[in-house]
Amino acid sequence: GFSFDHSSGLPCIPASSVKGLLRYACEVNNGAYLRQLVGEVVPDLIGFEPKRFVEEVFNGITGDSRIGIYQRDIFFDALPIRSLNNNANFMGDDFITPHINRGDRKLDGLKNPVPLKFLKVLPEVTFQFSFLLRGEKAGLSAQNREDLFKKILLEQGIGAKTNVGYGQ
């Protein structure tokens with residue numbers, strides 16, 4: 001499924017999906033992936049704690065108290081800002097052809113496959129990711145967190161089927 005911006009009608013990546021992907025990446029292997037990326041973004045940072053980072057940035061908790069809404073980081077919907085495609089198209093058709101017929105196993109393999117058409121965001125479309133990052137969290141400045149989030153999004157991609165090239 002797709003999400004579309006209510007005002008413009010453009011495809012968008014909901015803020016909840018952006019935040020969810022970033023949070024997931026921060027918790028992979030008990031924070032080992034996050035620790036590696038933080039080491040690349042801020043090589044001289046000592047004593048970084050991935051669990052504390054997740055608590056402060058994603059849960060709004062520092063120590064035993066909650067971070068006020070006006071001091072929390074805010075994640076916004078990502079919207080397309082540029083397309084290098086013909087006529088600046090953002091969306092196009094794609095096809096997938098399943099070769100397994102679950103209803104009739106005699107039709108498996110290459111016997112009469114039925115291509116399924118679906119909508120996709122075209123290659124060469126650039127999305128803008130926006131954050132409102134406030135103050136220092138878990139030893140990382142707002143600029144450090146922005147660099148970290150950018151690194152995660154570029155490495156992991158976002159959306160469905162990222163393992164086969166979509167969402168990069």
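**Helix α3, its surroundings and a serine in strand β6**

In helix α3 of this predicted model, the buried residues are P50, F53, V54, E56, V57, F58 and N59. That makes seven buried residues out of ten, so the helix is largely enclosed by the rest of the structure. What do these buried residues pack against? Their partners are the helices α1, α2 and α4, together with β3 (61–62), β4 (65–66) and β5. Just past the end of α3 comes G60, whose phi is positive, at about 70°.

Two of the α3 residues turn up again in the largest nonpolar core. This core has 30 residues, and the ones touching the most other members are L22, F53, F58, L148, F149 and I152. Several elements give it two or more residues: α1 (15–27), α2 (32–41), α3 (50–59), β9 (125–128) and α4 (142–156). Of these, α1 supplies the largest share, with six residues. It helps to keep a general trend in mind here: in soluble globular proteins, nonpolar side chains tend to be buried together.

L148 gives a good feel for how such a core is put together. Which residues does L148 contact once its neighbours within four places in sequence are set aside? The list runs L34, L37, V38, V41, F53 and L140. L148 itself is one of the core members with the most contacts to other members, and so is its partner F53.

F53 also leads into the aromatic side of the story. The structure has eight aromatic pairs. In general, a pair of aromatic rings is described by the distance of the centres and the angle of the planes. For F48 and F53, the centres are 5.8 Å apart and the planes make an angle of 55°, which is a tilted arrangement. Both F48 and F53 are buried. F58 and F75 also pair up, but this time the rings are stacked, with 5.8 Å from centre to centre and 15° between the planes. Why is this pair worth a look? F58 belongs to helix α3 and F75 to strand β5 (residues 74–75), so the two rings tie together parts that lie 17 residues apart in sequence. F58 has a relative accessibility of 6% and therefore counts as buried. F75, with a relative accessible area of 9%, is buried as well. Zooming out, ring pairs join F48, F53, F58, F75, F131 and F149 into one cluster.

Next come the cysteines. How many disulfides does the structure hold? The number is zero. As a reminder, a disulfide is a covalent bond between the sulfur atoms of two cysteines. C12 counts as buried because its relative accessibility is 9%. C26 is buried too, because its relative accessibility is 1%.

The last stop is S83, found in strand β6 (residues 79–83). Is S83 buried or exposed? Its relative accessible area is 12%, so S83 is buried; the cut-off for that label is under 20%. The serine still has polar company. Its side chain makes a polar contact of 3.0 Å with the side chain of N85, and the S83 side chain also reaches the backbone oxygen of N89 at 2.6 Å. Leaving out residues up to four places away in sequence, S83 touches A88, N89, F90, E124 and V125. N89 therefore appears both in this list of contacts and as the residue whose backbone oxygen the S83 side chain reaches.

Conventions: Residues are numbered from 1 along each chain as its sequence is written. This is a predicted model: local features need pLDDT of at least 70, side-chain atom pairs count only at pLDDT 80 or more; totals for chains, interfaces and linings use all residues. Side-chain values use heavy atoms; hydrogens and water are left out. A nonpolar core is a set of buried Ala, Val, Leu, Ile, Met, Phe, Trp, Tyr and Cys residues joined through side-chain atoms within 4.5 Å. Buried means under 20% relative accessible area, exposed over 50%, partly exposed in between (1.4 Å probe, protein chains only). Helices (H or I, at least four residues) and strands (E, at least two) are DSSP runs, numbered from the N terminus. Contact means heavy atoms within 4.5 Å. A disulfide is a pair of cysteine sulfur atoms within 2.5 Å. Rings of Phe, Tyr and Trp (its six-membered ring) pair if their centres lie within 6.5 Å; planes under 30 degrees apart count as stacked, over 60 as edge-to-face and the rest as tilted. A polar contact is a pair of N or O atoms within 3.5 Å; within protein, one must be able to donate a hydrogen and the other to accept it, and residues adjacent in sequence count only if both atoms are side-chain atoms.
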